[in-house]
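Me: I have a structure open and would like to go through it piece by piece. Can you help?

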Amino acid sequence: MKGLFNLKANGTKLATEIMAGLTTFFAMSYIIAVNPSILSQSGMPWGAVFLATIISAVVGTLVMGLVANVPYAQAPGMGLNAFFVFTVCFGLGFKWEQALSMVFICGIINILITVTKVRKHIIKAIPLSLQNAIGGGIGIFVAYIGMLNVGLINFGAGVPGLTTLNQPALWVFLIGLALTIVLLILKVKGAILIGIVASTLIGLIPGWNVTSVQDTMSFTECVAQLPTTFGAIFRENGIVSLFSDVSKLPLVLITIFSFSISDTFDTIGTFIGTGRRAGIFSEDDERLMSENAGFKSRLDKALFADATATSIGAIFGTSNTTTFVESAAGIGAGGRTGLTSVVVAICFALSAFLASVVSAVPSAATAPALVVVGVMMVSAFKDIKWDDLAEALPAFFASIFMGLCYSISYGIAAGFIVYCLVKVCMGKAKEIHPILWGCTGLFILNFVLLALL
């Protein structure tokens, strides 16, 4: 086991990797219940999506761990599932089978741009200052997710404000956050996971009912529904029907493009933001990238693992599978190798049979973990020259838009656009990498097309 994942060379231990895997799983386990609740609104069976969510997470995360040997977990991404239902199905009128077909094609596109090293070259083209801004911005984003998940911030008056602290869930969150902070300051091993477990137990206090066990559907019932979505993209209402109406072809292509660009840059942002700070993607990875030495670097393999997971998920019946930013929780707990991912995959597999137990961990218990991990990641800001507007402006817009827009991709888009604008105004347009120009143009095109949908 230690030799397979090179634990010693990566400066980690078996116990640390297991603890990190459990931490990541509990931080992202909400997707098991949330994804089916969103996608089922399009007419897809809840039980089928429940299993498809777990299967895609297990397969994608195992490939990430065993092939790339990095501590990242995969599952159907939030935001992309909402786009799937509310924009593609409800807004544009596509059937859920057609939407799944678009996701499958998006996965194929991502595989092609990964094999041809386009995604890798995009990463190399991003200036170091923007990479640090993306890392810090994801820290803000992760912490913001934690606060929103527990309802600490509300938008009742149209303006964000602090929620009145009169709800049991908020007290569970605050107590858990205080406990996690104390454990981290005292350097207690497994502090983040201990905080999650302790918060879950606190939620059992009589009268609070924050932690509750609910079995919405049995495993057998879910299995019976799976054939409805499995392989649906290859049936009558799938890919064939998607391209049968020539008049809708431009709309289909625009939608696939929107799926692909969001999926691609969410992943790139997560890898840059977490991998560079933790040393997961080392200088050796960058050297191998520069030499175009095949798929030898961990980053190459990680990008390929991420690309394949989306198409696999679409075959089983779920929206885009992506690398979860909550992986930062496990990395913050010390995860450095693929063993962390394997532990996450095992937990997802077991959750298919223990849905009621997993769903009992409330967002109020995982939110403190996301907040403290976000704080850790914000340290990337220290390497940005904030007194230099040419560097500060792109960094600011890249980082702040991630939280405000609730999207890693939109944050990266804002950073790219402002970076190009600044360089052009300074008469240094030649310093902008051609790939960066291309990506910026695609982002602008995406915004224009979305405005016209």
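What follows is a short chat about this predicted model.

Me: How many helices and strands are there in the protein?
Reply: The protein has 22 helices and four strands.

Me: And how compact is the protein, for 453 residues?
Reply: It is as compact as a globular protein of that length, because its radius of gyration is 21 Å and the globule rule gives 22 Å for 453 residues. Along the principal axes, the C-alpha trace spans about 65 × 55 × 55 Å.

Me: What share of the residues count as buried?
Reply: Of the 453 residues, 56% count as buried. The accessible surface of the protein is about 18,300 Å², and carbon and sulfur atoms account for 69% of that surface.

Me: Take contacts between residues at least 6 apart in sequence. What percentage join residues at least 24 apart?
Reply: That figure is 79%.

Me: On to the inside. Which residues of the largest nonpolar core touch the most other members?
Reply: They are Met64, Ile126, Ile138, Phe265, Ile412 and Phe416, out of 64 residues in that core. The helix that gives the most to this core is α19, residues 363–377, with nine residues.

Me: Which residues is Phe265 in contact with, leaving aside neighbours within four places in sequence?
Reply: Phe265 is in contact with Ile122, Ile408, Ser409, Ile412, Phe416, Cys439 and Phe443. Two of these names, Ile412 and Phe416, also appear among the core members that touch the most others.

Me: What about a second core, which residues does it include?
Reply: The second core is separate and has 27 residues, among them Val49, Leu100, Met102 and Phe104.

Me: Different topic. Where is Thr322?
Reply: Thr322 sits in strand β4, which covers residues 321–323.

Me: Is Thr322 buried or exposed?
Reply: Thr322 is buried, because its relative accessible area is 5% and the cut-off for buried is under 20%.

Me: So what does Thr322 touch, not counting residues up to four places away in sequence?
Reply: Thr322 touches Ala73, Gln74, Ala75, Gly77, Asp263, Asp266, Thr267 and Asp306.

Me: Now charges. How many salt bridges does the structure hold?
Reply: The structure holds two salt bridges. One joins Lys382 and Asp383, with the closest N and O atoms 3.4 Å apart. The other joins Lys423 and Glu431, where the closest N and O atoms are 2.8 Å apart.

Me: Is Lys423 buried or exposed?
Reply: Lys423 is buried, at 14% relative accessible area. Its partner Glu431 is partly exposed, at 48%.

Me: And Lys382, buried or exposed?
Reply: Lys382 is exposed, with a relative accessible area of 64%. Asp383 counts as partly exposed, at 45% relative accessibility.

Me: Last topic, the surface. Which residues make the nonpolar patch?
Reply: The patch is made by Phe219, Val223, Ile346, Leu350, Phe353 and Leu354, and its area is about 550 Å².

Me: Which helices each supply at least two residues of the patch?
Reply: They are α11, residues 219–229, and α17, residues 338–351.

Me: Then where is Phe353?
Reply: Phe353 is in the loop between α17 and α18, the latter being residues 355–358.

Me: Why does Phe353 count as exposed?
Reply: Phe353 counts as exposed because its relative accessibility is 55% and the cut-off for exposed is over 50%.

Note on methods:
Residues numbered from 1 in each chain as written. Predicted model: local features only at pLDDT ≥ 70, side-chain atom pairs only at ≥ 80, totals over all residues. Heavy atoms only, no water. Salt bridge = Lys/Arg side-chain N within 4 Å of Asp/Glu carboxyl O. Buried < 20%, exposed > 50% of the residue type's maximum accessible area, 1.4 Å probe, protein only. Patch = residues over 30% accessible without salt bridge, like charges linked within 9 Å, V, L, I, M, F, W, Y side chains within 5 Å. Areas by Shrake-Rupley, 256 points an atom, 1.4 Å probe, with all protein chains shown as cover. Contact = heavy atoms within 4.5 Å. Core = buried A, V, L, I, M, F, W, Y, C linked by side-chain atoms within 4.5 Å. Rg over C-alpha atoms; globule rule 2.2 N^0.38 Å.
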